[in-house]
Amino acid sequence: MDDVRTNDLPYWVGLHRISRLGAARFALLEAAFDSMEEAWLAGTEELVAAGLDARTAEEVMRRRPDIDVRAEYERLTEAGVRALHRPHPAYPARLREIDDAPPVIYIRGSWEPQDDWSVSVVGTRRATAYGRQAADELARGLAVHGVTVVSGLARGVDTIAHRAALDAGGRTVAVLANGLDTIYPPENRGLAAEVAERGALITDYPLGTKPRAEFFPRRNRIMSGLSLGTLIVEGDVKSGAMITARLAGEQNREVFAVPGSIFSPQSRGPLSLLRDGATPVTGVEDVLEALNLTMIGAQMDFGRAAPATTPGEQSLMDALTREPRHIDEVARGAGLAAAEVSATLALLELKGLVRDVGGMHYVRVRELPAPYDPDAGAEPAAEPAEESELR
């Protein structure tokens with residue numbers, strides 16, 4: 001990759017502030033000019049000759065005097081944001097493969113090589129107790145196995161997925177539908193800071209761009225484009241999660257869906273995907289096997305739950321199941337006083353053995369398995385495989 005292509009990033013950033021210049025029109029400029037600096041300095045006739053329509057060429061000429069490319073680039077640096085254009089070697093390789101790959105993306109945090117092994121976990125903002133539990137355990141399981149969890153920082157399933165990945169000690173990436181100087185929803189500012197520290201915030205919108213309804217469907221192509229596959233936890237048939245699933249299919253990425261109740265509106269989306277051939281997911285092993293990621297977390301050993309250590313803790317564990325149970329029902333089942341149950345459940349939550357799924361309902365958390373081994377229980381090979389053969 002030549003130096004000109006990688007060193008004229010400020011001109012990519014400057015042109016990217018002109019809204020009529022999308023992925024396809026940037027591609028025309030790339031093909032017609034030796035650099036984006038040359039495209040930036042071009043006149044109307046040259047821009048039209050490059051393939052831009054007259055209206056877009058006029059818009060470039062109109063907006064250009066108001067944009068100081070160097071100042072714009074310095075503004076990003078001061079905000080702690082890194083810009084990457086499509087030719088840059090650090091631009092996510094999988095994202096570059098999609099038809100409408102963003103000409104420029106903006107990152108707070110870092111996109112690391114291991115993030116190429118990522119799965120998007122998305123779903124409704126109004127998750128049921130079942131959906132919250134599924135999102136938490138699946139995202140946590142992916143993180144424990146070394147898979148980066150990608151989502152959209154939205155309320156509901158997205159927030160749960162990011163939080164679960166962080167709590168498991170893994171990496172997570174949030175794709176935003178606005179500039180990185182705005183966090184939406186605002187209550188996720190703290191979560192966004194953690195994501196940037198342990199992963200990345202990514203957008204294709206310049207600084208100063210506020211969230212708008214029409215931006216969210218378009219950002220979904222980045223979530224699916226970054227990932228090996230997209231997992232839909234819950235959502236209705238016309239939800240944003242279903243848009244992400246459709247885009248993943250168009251990008252030739254795997255689509256996964258969590259089966260749900262036929263009586264729940266939030267399960268309509270996943271059930272329709274399963275009817276159309278999506279891979280059903282009943283545990284993280286289904287995702288790992290389908291994406292051939294069974295060995296990626298072989299060296300991981302974090303996120304393990306501490307055991308129950310007292311008779312009271314064990315009694316509560318025996319009274320809990322994988323289905324949500326109200327704290328009063330748990331207390332009756334364990335034969336313990338309400339005050340003792342409340343305090344002991346708090347300790348068990350800290351140990352990672354139980355989870356409050358809302359409304360004073362608790363579930364017993366399935367202990368995360370050891371890194372998935374598809375050959376478990378099979379006859380041993382005559383000779384152990386070389387490490388390089390397992391990657």
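Q: Which residue in β12 stands opposite glycine 358?
A: This is a predicted model, in which local features need pLDDT of at least 70 and side-chain atom pairs count only at pLDDT 80 or more, while totals for chains, interfaces and linings use all residues. Residues are numbered from 1 along each chain as its sequence is written, and side-chain values use heavy atoms, with hydrogens and water left out. Strands here are DSSP runs of E with at least two residues, and helices are runs of H or I with at least four, numbered from the N terminus. β11 pairs with β12 (residues 361-364) in the antiparallel sense over four bridges, and the residue in β12 opposite glycine 358 is histidine 361.

Q: Which strands stand at the edges of the open sheet that contains β12?
A: Two strands are taken to pair if DSSP finds at least two bridges between them, and on this basis three strands form an open antiparallel sheet in the order β10-β12-β11. One side of each edge strand is left without a neighbour in the sheet because each has a single partner strand, and these edge strands are β10 (325-326) and β11 (354-358).

Q: Which residue in β2 stands opposite leucine 84?
A: An open sheet of nine strands with mixed pairing follows the order β1-β2-β6-β5-β4-β3-β7-β8-β9, with β1 (82-85) and β9 (279-280) at its edges. Four bridges join β1 to β2 (residues 104-109), and these two strands run antiparallel. Within β2, the residue opposite leucine 84 is isoleucine 105.

Q: Is leucine 153 buried or exposed?
A: Leucine 153 lies in the loop between β4 (148-151) and α10 (157-167), and it has a positive phi of about 65° although it is not a glycine. Buried means under 20% relative accessible area, exposed over 50%, and partly exposed in between, with a 1.4 Å probe and protein chains only. Because its relative accessibility is 0%, leucine 153 counts as buried.

Q: What is the relative accessible area of asparagine 252?
A: Asparagine 252 also has a positive phi, of about 60°, although it is not a glycine. Its place is the loop between α13 (240-250) and β8 (254-257). Asparagine 252 is exposed, and its relative accessible area is 71%.

Q: What distance separates the C-alpha atoms of leucine 316 and leucine 336?
A: Leucine 316 belongs to helix α16 (residues 311-319) and, at 0% relative accessibility, counts as buried. Leucine 336 is 20 residues apart from leucine 316 along the chain, and their C-alpha atoms are separated by 8.5 Å.
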